[in-house]
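Please work through the exercises below with the sequence and the structure at hand. Each task is followed by a solution in steps.

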Amino acid sequence: MTTKTATTKTPGRSRPQPGWIRILIPAILVLVWLGVTAVGGQTFGKVGEVTTNDQTTFLPADAESTRALELGEGFSDDDSIPATLIGEPASGEVDEQALGELEALVGQINELDGVDRSLPPQISEDGEAFQVLVLMEEAAVEDGAVAELRGLVDAELSAQEWTTHVTGPAALSDDFANAFAGIDGLLLLVAVITVFVILVVVYRSVLLPFLVLLSSIAALSSAITVIFQLAKMEWITLNGQAQGILSILVIGAATDYSLLLVARYREELLARENRFDALWIAWRRSTPAILASGGTVAAALLCLLFSDLNSNRALGPVASTGIVFAMLATLTFLPAMLALFGRPVFWPKVPHAPRPAVEQAQALNPDLQTRRTKHTSRRRTLWAVVAEKVRARPRVIWLVVTGLLLVASVGVLDLKAEGVPQSEQVLGQTDAKDGQSMLQEHFDAGTGAPANVFVPAEELAERSRSSRPATASARSTRWPRPALRPRVSRTPTRWTATTSSRSR
């Protein structure tokens with residue numbers, strides 16, 4: 001008669017795997033992620049090739065200005081952006097001699113690379129300032145033509161005799177480019193330092209914060225590699241704003257998910273002697289929460305595709321891609337590094353499971369367990385004390401907290417959602433912003449940025465036939481600014497008139 005012995009499985013313990021497999025798989029994952037990080041680091045230097053800060057990327061898709069910019073592409077082969085040179089003479093008045101210097105300067109400006117043409121100098125009504133409208137190629141503005149224009153003006157008009165500024169859409173676009181230039185490196189540096197300090201305080205470990213940050217940077221590098229290819233194929237639009245937000249979002253999300261996984265891992269190390277079993281259980285229990293959190297955020301960000309603002313539409317897929325790679329790095333790269341380094345990543349406070357001898361002694365001596373429990377109860381943390389206070393008087397706590405939140409939100413009543421002027425979107429003082437102030441002081445609003453008016457040819461012809469007397473009288477009207485008279489060009493299907501914008 002054969003006797004069968006029943007075997008019991010320890011709950012939570014998986015089937016043991018060979019030691020070399022437990023080392024080989026994490027090593028392969030670490031090498032793959034390090035390779036992706038190296039490729040992504042090189043991509044950071046090329047991402048400017050697919051980044052655009054064009055005005056249409058920050059306008060609503062169905063706005064009249066956006067449609068006008070799209071229509072304007074069919075009327076001209078060049079993409080000209082106006083820049084406005086404005087200045088005041090030290091004498092306080094633009095006389096004949098000063099006007100001669102300005103006309104000579106205009107001739108030199110027309111010879112600059114990237115300048116399509118410039119209009120003659122225009123004197124303000126008070127005679128104390130001048131402005132010159134310079135039409136520049138869009139590609140030249142991106143390559144630094146505005147700086148060359150400023151250099152020429154400073155060289156020809158002495159600072160002791162003139163106060164000059166270069167402003168207008170081209171100069172403001174140059175300010176945007178300078179503001180976004182290097183923003184990734186600065187934001188990434190600030191984010192890494194901030195997260196590192198937080199991780200040191202939370203983990204009180206030397207090595208673990210570096211592993212978490214390395215995982216976050218790997219997620220960012222892989223995300224920027226994919227985004228670069230998508231933007232290169234013109235599947236998405238990448239601007240400086242989305243690029244800057246991506247760095248902060250990926251670093252923050254990857255660190256957040258890592259906190260959850262590492263906390264679970266530490267708990268399991270306190271209960272299990274085998275670190276691989278502890279890591280597997282921590283990974284298995286953390287994965288659903290990480291996927292649920294990241295999936296919710298990614299889906300919410302994709303809702304930005306339904307936004308009317310082009311900048312929001314561009315941010316949606318870019319940020320969602322970053323969240324996806326933050327989850328992947330946290331669930332693959334970080335566990336692989338934890339498996340290779342083992343318990344020493346928590347040094348100097350390394351978590352250890354209770355030894356069998358200690359457990360046996362506690363079982364045989366109940367007084368020892370009682371003293372251990374009393375000693376542990378005296379070591380209450382700050383958050384345990386806070387939890388006890390909240391549990392004791394929950395109604396008072398939520399009433400006080402609600403009242404504080406309401407008081408803090410009073411400022412929302414003064415929110416002015418009329419938008420921010422383009423000149424105020426860059427912090428600090430710039431030459432373009434100073435020029436805008438001088439322009440508003442001496443000229444009508446909008447004179448430095450001519451407006452393009454698009455009218456159907458049939459409608460314009462019909463109105464011309466029905467209002468010929470009015471047209472005749474309009475021709476006899478004296479224009480206060482001859483240099484900015486409307487220029488009308490005809491195509492088989494459209495009429496376009498360029499006029500100066502005036503304040504209403």
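The exercises go from the whole chain to single residues and then to salt bridges.

This is a predicted model, in which local features need pLDDT of at least 70 and side-chain atom pairs count only at pLDDT 80 or more, while totals for chains, interfaces and linings use all residues. Residues are numbered from 1 along each chain as its sequence is written, and side-chain values use heavy atoms, with hydrogens and water left out.

**Exercise 1. The whole chain**

Task: Describe the secondary structure, burial, contacts and surface of the protein chain.

Solution.
- Step 1. Helices (H or I, at least four residues) and strands (E, at least two) are DSSP runs, numbered from the N terminus. The protein chain has 18 helices and eight strands.
- Step 2. Buried means under 20% relative accessible area, exposed means over 50%, and partly exposed lies in between (1.4 Å probe, protein chains only). Of the 504 residues, 35% are buried.
- Step 3. A contact means heavy atoms within 4.5 Å. Among contacts in the protein chain with a separation of 6 or more, 77% join residues 24 or more positions apart.
- Step 4. Accessible areas come from the Shrake-Rupley method with a 1.4 Å probe; for residues, only the protein chains shown count as cover. The protein chain exposes about 30,200 Å², and carbon and sulfur atoms supply 59% of this area.

**Exercise 2. Helix α8 and the residue Glu234**

Task: Compare the span of helix α8 with its expected span, state how enclosed the helix is, and describe Glu234.

Solution.
- Step 1. The expected span of a helix is 1.5 Å times one less than its number of residues. Helix α8 (residues 208–232) has 25 residues and reaches 36 Å from its first C-alpha to its last, close to the expected 36 Å.
- Step 2. Because 19 of its 25 residues are buried, α8 is largely enclosed by the rest of the structure.
- Step 3. Glu234 lies in the loop between α8 and α9 (240–271). Its phi is near 65°, a positive value in a residue other than glycine. Glu234 is exposed, with a relative accessible area of 70%.

**Exercise 3. Two further loops**

Task: Locate Pro348 and Asp95, and give one feature of the backbone or surroundings of each.

Solution.
- Step 1. Pro348 is in the loop between α11 (310–341) and α12 (356–364). The peptide bond from Trp347 to Pro348 is cis, with omega near 15°.
- Step 2. Asp95 is in the loop between β1 (80–89) and α3 (96–110), and is partly exposed at 37% relative accessible area.
- Step 3. Asp95 and Glu128 are 33 residues apart in sequence and 9.3 Å apart in space, C-alpha to C-alpha.

**Exercise 4. Salt bridges**

Task: Find the salt bridges and state which residues they link.

Solution.
- Step 1. A salt bridge is a side-chain nitrogen of Lys or Arg within 4 Å of a carboxyl oxygen of Asp or Glu. By this rule there are two salt bridges.
- Step 2. One joins the side chains of Glu268 and Arg272 (2.3 Å, N to O). Glu268 is buried at 5% relative accessibility, and Arg272 is buried at 18%.
- Step 3. Another joins the side chains of Glu268 and Arg285 (3.1 Å, N to O). This pair links distant parts of the chain, with Glu268 in helix α9 and Arg285 in helix α10 (residues 275–302), 17 residues apart. Arg285 is partly exposed, with a relative accessible area of 43%.
- Step 4. Glu268, Arg272 and Arg285 are thus linked in a network of salt bridges.
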